[in-house]
Amino acid sequence: MKQLGHTKLLELDAQYCWHPFTQMQTAQPPLAVVRGEGEFLFDAQGNKYFDAVSSWWVNIHGHSNPAIAQAIAKQALELEHVMFAGVTHPPAVQLAKRLMQSAPAPMAKVFYSDNGSTAIEVALKMAFQYWQNKGVGNKKRVIALEGGYHGDTFGAMATGKSSGFYDPFAPWLFQVDFIPTGVCACTEEEALAALDTLLANSAGEIAALVLEPLIQGASGMRFMRPAHVAELCKRCEAAGVLVIFDEVFTGFGRTGTLFAAEQVANFGGQADIICISKGLTGGFMPMAATLTSQAIYDAFLSDKVGHALLHGHSYTANPLGCAAALASLALFESESTWANIQRIETTHQRWLPTLACHPLIENPRVCGTVAAFELKFNHSQCGSSSGSAYGSNTSQWIRQSFLELGIVVRPLGNTVYWVPPYCSAPETIENAYQTLMQVLQRWGKLIAPGPGSELF
Ligand SMILES: *Cc1c(COP(=O)(O)O)cnc(C)c1O
């Protein structure tokens with residue numbers, strides 16, 4: 001492709017592109033990236049940036065990883081794509097087998113799609129139709145957790161309604177019962193009580209519970225204890241309600257294990273359906289899968305076409321995506337990947353006491369390779385009541401400040417987090433924390449009362 005100069009690139013972008021989750025009128029010009037290598041991105045002017053958010057959490061082994069790139073190139077020269085209805089191919093079969101070798105019990109079957117939201121749509125449709133096929137006609141309701149995020153298609157929006165992104169679409173979202181998230185002991189109790197009430201009164205009407213196990217990502221990196229998630233699962237199982245784990249973010253090593261479900265299983269809880277996407281292909285290809293148990297699969301077997309799951313996407317089981325995913329999973333077989341994951345967690349843990357003592361930081365926390373905290377700010381100083389909202393001035397200021405210092409972050413309101421690629425060098429992560437200290441110093445001056453307060 002002809003290399004565009006930095007200015008031309010931004011000019012054409014402004015002329016033709018509409019960016020996701022972006023108020024195009026007030027947004028800063030985008031970062032114009034022309035190359036990626038390992039944990040770094042490079043702009044057209046040759047500046048280097050640490051991708052501290054793994055490009056919206058998808059990149060796990062680094063940018064332009066040669067092993068994955070070569071696997072895609074090789075596959076593209078053999079078979080780039082073929083429909084998956086009535087057809088199969090080696091990468092799809094090998095990937096399904098590989099996924100089933102590592103997925104937690106009772107996963108037995110793989111249904112491919114192409115992004116996290118569609119993986120959720122498939123899971124919801126599976127759950128609804130599972131009960132219909134079994135002749136249990138009135139299980140139509142879904143339970144979700146407050147603040148959960150499951151994607152931007154309609155079913156996913158309905159189950160993530162309380163994340164607050166979807167107000168314009170509220171009239172078209174189906175009814176969902178929300179229970180508290182359970183991020184602390186008191187909301188754990190509330191969540192269990194709310195679930196118990198729902199199950200006691202309406203289990204016969206409830207098809208499924210959907211949740212992000214261990215970490216609610218988009219609503220601000222809110223962590224849940226595996227024991228609590230297990231407790232929710234056990235109660236649903238006892239009441240005849242399916243459990244859907246949305247591991248679109250937590251899958252593929254993010255929480256320290258390949259799937260967050262493994263940690264929940266240690267406490268005796270399991271899901272009937274697991275959705276995966278983001279890290280599946282190492283961040284190379286848009287691809288997703290909905291994993292499910294034999295029991296759910298079996299409920300769709302019948303001599304009637306109407307009992308089948310009549311759902312599919314043009315790019316279902318795209319061979320390039322499967323090849324990328326196989327190459328990415330092969331990297332998990334190398335010990336260094338797990339050593340890197342462990343090392344990132346250790347570095348986060350080592351900085352935790354420093355963050356905990358910092359006057360501008362609240363609630364620092366670590367789960368696997370994910371570290372997060374809230375930045376304290378003073379509403380009256382900012383003159384903005386939406387300081388903690390997504391895309392607010394606060395998050396734009398933070399984003400811009402890090403960018404000037406060579407780090408790409410994308411705060412969720414005033415929640416700042418690190419979700420680095422696993423290949424990030426120790427000094428890159430260390431440097432990110434040093435940079436954080438610098439940014440906090442600037443932030444402290446900005447929000448300090450009196451003259452010199454220059455924020456907004
Ligand atoms: C990102 C995300 C989704 C949506 O995935 P897309 O590929 O963006 O559609 C769903 N669930 C969770 C937990 C996510 O983090």
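**Exercise 1. Identify the bridge partner of F40 in strand 3, and place the pair within its sheet.**

*Solution.* Step 1. F40 has F50 as its bridge partner in strand 3. The structure is a predicted model.

Step 2. The pairing behind this bridge joins strand 2 (residues 40–43) to strand 3 in the antiparallel sense, over three bridges. Strand 2 and strand 3 form a hairpin, and four residues lie between them. Within that turn, G46 has a positive phi of about 90°.

Step 3. Turn next to strand 15. F50 has I407 as its bridge partner there, and D51 stands opposite V408 of strand 15. Strand 3 (residues 48–51) and strand 15 run parallel and are joined by two bridges.

Step 4. Assemble the sheet: four strands in the order 1-2-3-15 make an open sheet with mixed pairing. Strand 1 (33–37) and strand 15 (407–408) are the edge strands, each pairing on one side only.

**Exercise 2. State how the protein is divided into domains, and determine how many residues of domain 1 are in contact with domain 2.**

*Solution.* Step 1. Domain 1 comprises 6–61 + 336–455, and domain 2 comprises 67–334. Their C-alpha centres lie 28 Å apart.

Step 2. Taking contact as heavy atoms within 4.5 Å, 28 residues of domain 1 are in contact with 26 residues of domain 2.

Step 3. The two domains bury about 2,300 Å² between them, and 66% of this area is on carbon and sulfur atoms. On the side of domain 1, the residues that lose the most area to domain 2 are W57, H61 and W338, together 28% of what that side buries.

**Exercise 3. Characterise the polar contacts and salt bridges between the domains, then the side of domain 1 that touches domain 2.**

*Solution.* Step 1. Between domain 1 and domain 2 the count of salt bridges is zero. The count of residue pairs in polar contact, with both residues at pLDDT 80 or more, is 14.

Step 2. Elements giving two or more residues to this side of domain 1 are helix 2 (54–57), helix 12 (335–357), strand 13 (361–367), strand 14 (370–375) and strand 16 (415–418). Helix 12 gives the most, with four residues.

Step 3. Sorted by class, the side of domain 1 that touches domain 2 has 18 nonpolar, eight polar and two charged residues.

**Exercise 4. Locate P106 and M221, and state which backbone feature belongs to each.**

*Solution.* Step 1. P106 is placed in the loop between helix 4 (90–102) and strand 4 (107–113). The peptide bond that joins A105 and P106 is cis, with omega about 0°.

Step 2. M221 is found in the loop between strand 8 (215–216) and strand 9 (222–223). Although M221 is not a glycine, this residue has a positive phi of about 50°.

Step 3. For the final account, the two loop residues are recorded by their backbone angles: omega of about 0° for the bond between A105 and P106, and phi of about 50° for M221.

Key
Residues are numbered from 1 along each chain as its sequence is written. This is a predicted model: local features need pLDDT of at least 70, side-chain atom pairs count only at pLDDT 80 or more; totals for chains, interfaces and linings use all residues. Side-chain values use heavy atoms; hydrogens and water are left out. Domain bounds come from an automatic or database domain assignment. Buried area is the accessible area (1.4 Å probe) that two parts lose on being put together, summed over both. A salt bridge is a side-chain nitrogen of Lys or Arg within 4 Å of a carboxyl oxygen of Asp or Glu. A polar contact is a pair of N or O atoms within 3.5 Å; within protein, one must be able to donate a hydrogen and the other to accept it, and residues adjacent in sequence count only if both atoms are side-chain atoms. Ala, Val, Leu, Ile, Met, Phe, Trp, Tyr, Cys and Pro count as nonpolar, Asp, Glu, Lys and Arg as charged, and the others, Gly among them, as polar. Two strands pair if DSSP finds at least two bridges between them.
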